[in-house]
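Biologist: This structure is new to me, and I would like to know what stands behind the words used for it. Could we go through them with the structure in view?

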Amino acid sequence: MSGEAIVTENLTKIYGGKVHAVAGISFAVKPGEAFGFLGPNGAGKTTTVSMLTAGLQPTSGSAVIDGLDLARHPEEIKRRIGVIFQESTADQDLTGRENLEVAAGCYGIPSGEGRARAKALIEQMQLVEAANRLAKTYSGGMRRRLELAVGLINRPRILFLDEPTLGLDPQGRAGFWSFVQKLRRETGLTVFVTTHYLDEADGMCDRIAIIDHGKIVATGAPTELKDRLGGDVVTLKTADGAANVTEVVRGLPGVSDVQKQDGTYRVKCASGETLVPIAVEACAKAGVGILGVTVKRPSLDEVFLEFTGREFREEGEGLTATDRAVMLNRIQGQMRGGRR
Amino acid sequence: MFRELAALTRREFLRLARNPAAIFTSLLLPLLYLLLFGNGFTINPASFVGPNPGQFPTLPDALAYLFRGAPSYYSYFACGMVGFVAVTATLFAGANVIFDKLFGVFKRVRGTPAPSAAVFGSRLIASATQPILLAVFVLALAIVFAHIPGLHGLTVTASVGIVGALEVIAAIVLISLMFATLFLTFGILLEVPQTYFAAVNTINLPVLLTSDALYPWGTMPSWLQTISQYNPVSLAVNVLREVFFGSAAYPYGPGIYLAGLLGWTVVLVGLAIVLVGRALRPLA
């Protein structure tokens, strides 16, 4: 275990003696690795980050960050890590440069050195033109880059990113991750990222832990997790009241599993393209009306469904995570406007 | 510790400088009180008979009891305004902490290893500076009003030496630090603006209304006079009035009132160190 960037053993957080926000998670992150914590809202991602960044006392269990025991060296851990929170934490009434200089001072960095680091990060994050503008005039993408710069001011060994692209449009998200990837290549930084954007976790992380209801349900590289699904997934949507097609499809060539969920059948198979015409024909012969067919190459959506037994974005959950994030951003903007 | 304190204090003053509306309104309140309340609310000491008729055979006797030696209600009230602004100007110190919590700024600072003393100290310096500057503004304005025909103003009747000036400065600094500490502690311990304002309103009005900052001493019932003499606002104001108008009407010298004020400040700062230290410790 020694030499790992992050190690947790049975890390647990229980609120009010009842709510098990994080229910005994154990994992290890290697130095230089990008480790993703993937799960829906309320899964326990932010609580985990809060504990690992010395902001919240675990109820039980242990964590070692960069070789330091969290319970014994929280202050030193704060010196060695960077944190990017899901909400904007920049002071809106300060310029980008001032935000960075104040952050440097908070780490006890001498003012001359702080100014030099701020200047370098402003250039690195392509904020030169906006450096002397108040942060409240920044676009969403610029604010995120400023957050990233603030999180790097102390030259951390490990960077924690808690839903860092929440509320950004796809272009802004891609831009943000390109900065993080470049940083990893140049510095060998260890990255611990929580997200509920499956595509981000897939493209960005070396390994992923899927967390649901405070428990890790699967860990592995994205390709490993997808391989565990055993091939493609064909979804057959049938009319209400149609006969059960499980028996019809189960015996077809290449099919490894069939699951029924709300009038649709998820059929795991070696090759979706080969199975579809055979399955449609078999259903027609059995008198089952097929309303729609989709073929999915294994994705993390499928992985999530496989390990938790439910869709990543539950029916009836209302707004999608993206919608919620955009709304949150809008409300924060309005509050800031009102405050001014 | 010093670098963290300096960086966070710089942040507080940058924010203050970027908010001219707040500066304007903080000046407007004492200006309106001095101009409207102080000039409108006048008491003629010559007609004051006191609790026992015949108690004050001469005007100086009545003045000594009613305004504790001040030559007019306005002069008495102008000193009280210094205590008043110490309470009202620091009231928002804690509210700013709550807003910083809501907007994530406080979370960022807490994510760094900056010690809680620097987090609290930076805000204390910025919050206490405002009432100190306002007190100077109030006293200067009140003295100027005394020279404008048709307006009442502050007339200093005693000779203020260096010791007296230092006593006045000490009283203003202590009362500002004390209330800034009190309200900042509330801001750090509480999370919601509604709860904060409910809490501070249960403190600021009783504190002001049981002090002799605005009430003429001689019109207070004796039980209120008793409470008032332990009130920190009264203690600070007493120092100013003794220095500006003489000590004849006071049982103790300014040093005793300053000691009382120092006691209040030490107790509240001590409580703040314990409570804020607990709230801002890592892994809280």
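Biologist: Which residue in strand 2 of chain A stands opposite K13(A)?

Modeller: V22(A) stands opposite K13(A). This is a predicted model, in which local features need pLDDT of at least 70 and side-chain atom pairs count only at pLDDT 80 or more, while totals for chains, interfaces and linings use all residues. Residues are numbered from 1 along each chain as its sequence is written, and chains are lettered from A and ligands numbered from 1 in the order in which they are written.

Biologist: How do you know that strand 1 and strand 2 of chain A pair?

Modeller: Two strands pair if DSSP finds at least two bridges between them. Strand 1 (residues 6-15) and strand 2 (residues 19-29) of chain A have eight bridges, in the antiparallel sense, so the condition is met. The two form a hairpin with three residues between them, and G16(A) in the turn has a positive phi of about 60 degrees.

Biologist: What makes a stretch a helix or a strand?

Modeller: Helices are DSSP runs of H or I with at least four residues, strands are runs of E with at least two, and both are numbered from the N terminus. Chain A comes to twelve helices and 14 strands.

Biologist: What makes strand 6 and strand 10 of chain A edge strands?

Modeller: They belong to an open sheet of six strands in the order 6-7-8-3-9-10, with mixed pairing. Strand 6 (81-84) and strand 10 (215-220) of chain A each have a single partner strand, so one side of each has no neighbour in the sheet. Neighbouring strands there are turned by 15 degrees against each other on average, direction ignored. The partner of strand 10 of chain A is strand 9 (residues 207-212), paired in the antiparallel sense over five bridges, with A209(A) opposite T219(A).

Biologist: Which strands are at the edges of the sheet with the order 12-13-11-14?

Modeller: That open sheet of chain A has four strands with antiparallel pairing. Its edge strands are strand 12 (255-261) and strand 14 (290-296) of chain A, each pairing on one side only. The twist averages 20 degrees from one strand to the next.

Biologist: Why are helix 4 and helix 7 of chain B called roughly parallel?

Modeller: The axes of helix 4 (residues 73-102) and helix 7 (residues 162-189) of chain B come within 7 Å and cross at roughly 30 degrees. Axes are lines fitted to C-alpha atoms, for helices over the stretch in contact, and angles run from 0 to 180 degrees between N-to-C directions. Angles under 35 degrees count as roughly parallel, over 145 as roughly antiparallel, 65 to 115 as roughly perpendicular and the rest as oblique. Helix 4 and helix 7 of chain B are therefore roughly parallel.

Biologist: And why are helix 10 and helix 11 of chain B called roughly antiparallel?

Modeller: Helix 10 (residues 232-245) and helix 11 (residues 254-279) of chain B cross at roughly 155 degrees, with axes that come within 9 Å. They are therefore roughly antiparallel.

Biologist: What is the handedness of the two crossings?

Modeller: A crossing is left-handed if the near helix is turned anticlockwise from the far one by less than a right angle, and right-handed if clockwise. Helix 10 with helix 11 of chain B is left-handed, and helix 4 with helix 7 of chain B is right-handed.

Biologist: How are the residues of these contacts sorted into classes?

Modeller: Ala, Val, Leu, Ile, Met, Phe, Trp, Tyr, Cys and Pro count as nonpolar, Asp, Glu, Lys and Arg as charged, and the others, Gly among them, as polar. The contact of helix 4 with helix 7 of chain B has 16 nonpolar, five polar and no charged residues. For helix 10 with helix 11 of chain B, the residues divide into ten nonpolar, two polar and one charged.

Biologist: What makes two residues count as being in contact?

Modeller: Their C-beta atoms, placed from the backbone, lie within 7 Å. The contact between the chains takes 24 residues from chain B and 27 residues from chain A. Helix 1 (2-17) of chain B supplies nine residues, the largest share of the side of chain B that touches chain A.

Biologist: Which residues of helix 11 of chain A are called buried?

Modeller: In helix 11 (residues 300-308) of chain A these are L300(A), E302(A), V303(A), F304(A) and E306(A). A residue is buried if 20 or more other C-beta atoms lie within 10 Å of its own, exposed if 12 or fewer, and partly exposed in between. Buried residues make up 44% of the 340 residues in chain A.
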